[in-house]
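Grab a pencil and work through these exercises on a protein model. Try each task yourself before you read the solution below it.

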Amino acid sequence: MVVFFRIAGCLFLATIFTASLAAAERRPNVLIAVSDDQSYPHASAYGYQAIQTPNFDRVARAGVLFHNAFSPAPGCSPMRAAFLTGRNIWQLEHAGTHASSFPSKYVGFQDRLEQSGYFVGFTGKGWGPGNWQADGRTRNPAGPQYSKRTAKTPPGIRATDYAANFADFLAERPKDQPFSFWYGGSEPHRVFEKGIGRRHGLDPDKVVVPPFLPDTPEIRDDLLDYCYEIQWFDQHLGRMLDMLKEAGELENTLVIVTSDNGMAFPAAKANAYEYGIHMPLAIAWPEKIPGDRVVNDLVNLIDVTATIYAATDVKPPEKYPLSGKSLLGLLESDASGIVEPDRDAVFSGRERHSSSRYNSLGYPQRCIRTADYLYIRNFRPERWPAGAPRKFGKGQSAKTAAVTNDDLGPEHGGYHDIDACPALDFLIEHRDDPKISRFFHLAVDKRPAEELFDIRTDPGCLNNLAGDPKFANVQRQLSEQLMDYLKQTGDARVTASDGGDIWETYRRYSKLRWFPKPDWAEEHPERVPQQDWVEERRPK
């Protein structure tokens, strides 16, 4: 009898040990939620009172709320390529610019996870805009698409029922197979239904107008409409979290909630300024991550990519390795505040955004952000950052564009690196008003080669300190640090003898607009890059 109980006891302990080992080895699910054009600090977890994002807040309470997360690019398709691959945009060739292609040699984490046994998919906006088929891909780099389910939505909001599509994805998942799902909302991307925020009870008095915009009723209303669309995105996130909780999967799901780039307002999106690159970010994984923590470390969203690989124990690509550094140690810590002090700088950049200037040339920028300062290098300061003020005709295709100066469109009609919006219309209409003109010129005027901002006192990036003798040492140190990093990571803007003109050879697949030849191109024709793809599409 004693022997029997000893054997039974050993079997019981072995069973417990085996179950514990299986739980320990169980790989986490991954749920990535990426909104479209949302700046920090526009979530209620950050104390922004004009908005309610209970589900972003829910993830933050269950895990970690980041106050200093930054996008690798202030535009959607280059950011998404960088996030998928874990590499800087200047390490991705065509995929590092907007609406181009995505070379298949740069493998995203969704493909790697699938190869390692994960069930993957996405709904809404994956990688794009651009042509992912051009280099032989057979599907979007975010995975197989689940977007069949639709719902009636207000004007300006995508009809995709994101959460219902996630339910379809879960229903198709083989039993006990870990999954990785990408929820790409199209909100709060323009356009917004005018007045939708007020109609749904949002309070204009609670809006905090960013420093680079005038505080007027028109601007506050535009911001309210933006806030409403963020809440729409958040509602679908909540439905997804509830599905996982009901299925008993939430505790072992790495949930990542962020955005691709900043808000679609003048001097934000498509700019290396603070409101173009500073992102909301909350990450939870209840089985592994101590919750209810706030972290102030500087992190890049390509660090989140490295974290996905580390958490899932999937080996990242070797030929084109990650440039980010995993946050897993930081997440598994129980510390708040500054957790890993060596995270003392992050980098970002942009090339072409829209078709907004002569020959659809880009506006190349690189920047370094530290805890105190933002330093920006504008590599082609002779170009217009928001787009040239005037374009030919309607300027959208060979059929509608004029080719002579006799058919120029209206002055201030070419700022297409700013999404069309009431805020831009207001700035243009009131550009001669002494109270408004500063904001207008900040958004559209040409900029110097170097910009430096003290983020502690100037988060709106209004006062350029570059050239100020008091900040000469800071400017020099940050310039050197940025240039060293760009050289180490192979950026053609600093390594190529022509200053990186290869960026202008990457084909844009979206529509083109046509602009007069600028003075700098007339005076220095050798500085006009050769662009065969542009010539193919030029109006005859």
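**Exercise 1.** Sort the lining of the second largest cavity in this predicted model into nonpolar, polar and charged residues.

*Solution.* Start with the list of names: the lining is made up of Gln38, Ala43, Thr53, Phe56, Ile230, Phe233, Asp234, Leu237, Val257, Thr258 and Pro280. Now sort them. Ala, Val, Leu, Ile, Phe and Pro count as nonpolar, and Asp counts as charged. You should end up with seven nonpolar residues, three polar ones and one charged one. The space these residues enclose comes to about 60 Å³.

**Exercise 2.** Find which element gives the most residues to that lining.

*Solution.* First look for elements that supply at least two lining residues: you'll find α7 (217–246) and β5 (253–259). Then see who wins: α7 gives the most, with four residues.

**Exercise 3.** Find how many cavities of 30 Å³ or more there are, and describe the largest cavity.

*Solution.* The count is three. The largest cavity has a volume of about 70 Å³. Its lining has 13 residues, and the closest to the centre are Gly75, Pro78, Arg350, Arg352 and His353. Sort the whole lining as before and you get five nonpolar, five polar and three charged residues.

**Exercise 4.** Classify the aromatic pair of Phe83 and Trp182: stacked, tilted or edge-to-face?

*Solution.* You need two values here, because a pair of rings is described by the distance of the centres and the angle of the planes. The ring centres of Phe83 and Trp182 are 5.9 Å apart, within the 6.5 Å cut-off for a pair. Their planes are at 45 degrees, so the pair is tilted. Next, place the partners: Phe83 is in helix α3 (residues 76–85) and Trp182 in strand β4 (residues 179–184), 99 residues apart along the chain. Both Phe83 and Trp182 are buried.

**Exercise 5.** Do the same for Phe102 and Trp127, then look for a charge over the ring of Phe102.

*Solution.* The centres of Phe102 and Trp127 are 5.3 Å apart, with 70 degrees between the planes. Angles over 60 degrees count as edge-to-face, and that's what this pair is. Phe102 sits in the loop between α3 and α4 (109–115), while Trp127 is in the loop between β3 (119–124) and α5 (162–172). Phe102 and Trp127 are both buried. As for the charge, Arg137 lies over the face of Phe102, 4.2 Å from the ring centre.

Note on methods: Residues numbered from 1 in each chain as written. Predicted model: local features only at pLDDT ≥ 70, side-chain atom pairs only at ≥ 80, totals over all residues. Heavy atoms only, no water. 1 Å grid on protein atoms, 1.4 Å probe; cavity = no way out; pocket = protein on both sides within 12 Å on 5 of 7 lines; lining within 4 Å. Points joined across faces, edges and corners; volume = space filled by probe spheres on them. Phe/Tyr/Trp six-rings, centres within 6.5 Å; stacked < 30°, edge-to-face > 60°. Buried < 20%, exposed > 50% of the residue type's maximum accessible area, 1.4 Å probe, protein only. Lys NZ or Arg CZ within 6 Å of the ring centre and 35° of its normal.
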